[in-house]
Amino acid sequence: MKREFSINTIIQTLQEVLPKDREFIALHEPLFKGNEWTYVKDCLDTGWVSSIGQYVDRFEQQLADYTGAKYAVAVVNGTAALHICLQMAGVAAGDEVIMPALTFVATANAVCYCGAIPHFVDSEARSLGLDPYKLADYLDDISELRLKGCFNKKTGRRIKAVVPMHTFGHPVDMEPLVEVCRKFRLELIEDAAESLGSYYKGIHTGNWGRLSVLSFNGNKIVTTGGGGAILTNYESLARLVKHLCTQAKLLHPWSLNHDMVGYNYRMPNINAALGCAQLAQLPEFIEKKRALAKRYQEAFSEVEGVEIFHEDDYAYSNYWLNALLLDEKYCAERDKLLEITNGHAIMTRPAWTLMHRLPMYVNCPRMDLSGAESLERRIINLPSSVFL
Ligand SMILES: *Cc1c(COP(=O)(O)O)cnc(C)c1O
C-alpha cells in the first residue's frame with residue numbers, strides 16, 4: 001500500500017531523503033574540493049588571468065575528450081555560446097527558430113540577438129524535452145520546402161534551425177529529431193547547457209548537430225563561475241567560432257587587424273582554471289547525482305500521486321536537477337508545496353514559466369503546447385547538490 005497523497009507526506013518523504021544536519025538546503029550548490037584553489041592561485045601568481053592562457057587550452061581539450069566532440073571552444077557563458085552557434089548556423093534577421101516553450105529564457109533570448117523569432121513547440125513527458133513526433137506532424141502541416149529551405153506558410157518566414165534543450169540533464173529523443181531536421185532541412189543546435197555528462201544511446205549530448213552549447217554557470221553540474229562552451233566535430237567551424245569570439249582578430253606578431261564584426265566572448269583563463277579542477281571531479285559528481293536521484297525515486301515510489309522523473313531506456317542522464325512530478329489531479333497543490341518546502345528551508349522551484357507567457361514572447365508563433373503546459377503545472381524541482 002502506498003502512502004496517501006498529502007503535503008505532509010511529501011515534506012516527510014523529502015526530509016527522510018535529505019540530510020538532517022543542515023539549516024538550509026539549496027536547490028543546487030557548487031562543490032570545490034579538487035584543485036580549484038591551486039589552479040586559480042597559479043593564474044594569480046603568473047598573471048595569466050585573462051583570455052589567453054594554458055588553462056583555456058587545457059579546459060577545451062578536456063571538454064572535447066570528455067564529450068567525444070572533436071572540438072570545444074570555451075566562452076564567457078552559455079547564452080553567448082548560443083548566440084554564436086545560431087549565427088554560425090546562418091540564422092539571420094527575420095528567420096524563425098524552433099525551440100521548446102519549456103526552456104530557460106536564454107534559449108529564446110539568443111535567437112532574438114540574431115534578429116530572429118523564436119517559434120515554440122511542445123514537450124513530451126517521457127523526456128521533458130521537445131517532442132520530435134509532434135514536431136514532424138506540425139511541420140508537415142504548417143511548412144513548405146522551397147529552394148532556400150523550409151518556410152512557415154502562415155508567416156512567410158524561413159524556419160532556419162531547431163534548438164532542442166536537454167531539460168534538467170535528460171536527453172531529448174534525438175534520433176527521430178535528427179530525422180525531422182534532415183527532412184525539413186533545418187540546422188540542429190543542441191542547448192546542452194544542463195546535460196554535460198548525459199548520453200543518448202551511448203553518445204554524449206551535443207554531438208547530434210553541427211554545433212551545440214554547454215554552460216558552466218554557478219548552478220550547473222560543473223562551474224567556472226560564469227562560462228560556456230561550443231562543441232563541434234568540424235575543424236573549420238571550430239576555427240571560425242574561436243575567431244568570432246576573439247573580436248575576429250587576425251593572428252600576427254604585432255599588427256592589430258580584424259576581418260569581421262567579432263565578439264569579446266572568450267573565456268578568461270582564471271575561469272578555465274576553475275573549470276579544469278571541476279571537470280576532473282565530474283565522474284564522481286555524476287555518480288553522486290545518480291545515487292541521489294535513486295534515493296528520491298525509491299522514497300517517493302511509496303507515495304501516491306507523485307513520481308520522480310527518471311531517464312528513459314535510451315538515456316544515461318547526469319540527473320543535474322531532480323524533478324518531482326505531481327499527478328494532474330494534484331497540480332492545484334503545487335504552489336502550497338512550494339510555499340511550505342521553502343518555508344521549511346528546503347529550497348524547491350517550479351519549472352520555468354513557459355516562454356509564450358513572457359511579455360516579450362507572447363506574440364511569437366507556436367503550436368498547441370498542451371504537453372508543456374501540463375508539465376509546467378506538475379513539475380517541482382528538488383534540492384540536487386552533489387553533496388546531498
Ligand atoms: C544555464 C542555461 C543556459 C545558459 O546559461 P548561462 O547562464 O548564460 O551560462 C542556456 N540554456 C539553458 C537551458 C540553461 O539551463
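A polar side-chain atom of Ser-215 lies 2.7 Å from an oxygen atom of the ligand in this predicted model. On its own the ligand would expose 380 Å², and the protein buries 93% of that area. The ligand is surrounded by 14 residues. Gly-78, Thr-79, Glu-194, Ser-215 and Lys-220 are the closest of them. Polar contacts to the ligand include those in the table.

| Residue | Protein atom | Ligand atom | Distance |
|---|---|---|---|
| Gly-78 | polar backbone atom | oxygen | 2.7 Å |
| Asp-191 | polar side-chain atom | nitrogen | 2.8 Å |
| Ser-215 | polar side-chain atom | oxygen | 2.7 Å |

The remainder of this report concerns a sheet and two of its residues. Four strands make up an open sheet, ordered β12-β14-β16-β15, with antiparallel pairing. Its edges are β12 (306-308) and β15 (349-350), each of which pairs on one side only. Between β14 and β16 (residues 379-382) there are four bridges, again in the antiparallel sense.

Leu-324 belongs to strand β14, which spans residues 322-326. Across from Leu-324, in β16, stands Ile-380. The relative accessible area of Leu-324 is 2%, so this residue is buried, the cut-off being under 20%. Beyond its neighbours within four places in sequence, Leu-324 is in contact with Val-306, Glu-307 and Ile-308, with Arg-378, Ile-379, Ile-380 and Leu-382, and also with Ile-10 and Phe-300. Residues 306-308 constitute the edge strand β12, while Ile-380 is the residue opposite Leu-324 in β16. Gln-297 lies 27 residues from Leu-324 along the chain, and the C-alpha atoms of the two are 9.1 Å apart.

Asn-381 is located in strand β16. Is Asn-381 buried or exposed? Its relative accessibility is 3%, and Asn-381 therefore counts as buried. The side chain of Asn-381 comes to 3.1 Å from the backbone oxygen of Asn-322. With neighbours within four places in sequence left aside, the contacts of Asn-381 include Leu-321, Asn-322 and Ala-323. Met-347, Thr-348, Arg-349 and Pro-350 are also in contact with Asn-381, as are Leu-27 and Phe-168. Residues 349-350 form the edge strand β15, and in the sheet order β16 stands between β14 and β15.

Conventions
Residues numbered from 1 in each chain as written. Predicted model: local features only at pLDDT ≥ 70, side-chain atom pairs only at ≥ 80, totals over all residues. Heavy atoms only, no water. Helix = DSSP H or I, 4+ residues; strand = E, 2+ residues; numbered from the N terminus. Buried < 20%, exposed > 50% of the residue type's maximum accessible area, 1.4 Å probe, protein only. Contact = heavy atoms within 4.5 Å. Pairing = 2+ DSSP bridges. Near = heavy atom within 4 Å. Polar contact = N/O pair within 3.5 Å; in protein donor to acceptor, adjacent residues only side chain to side chain. Areas by Shrake-Rupley, 256 points an atom, 1.4 Å probe, with all protein chains shown as cover.
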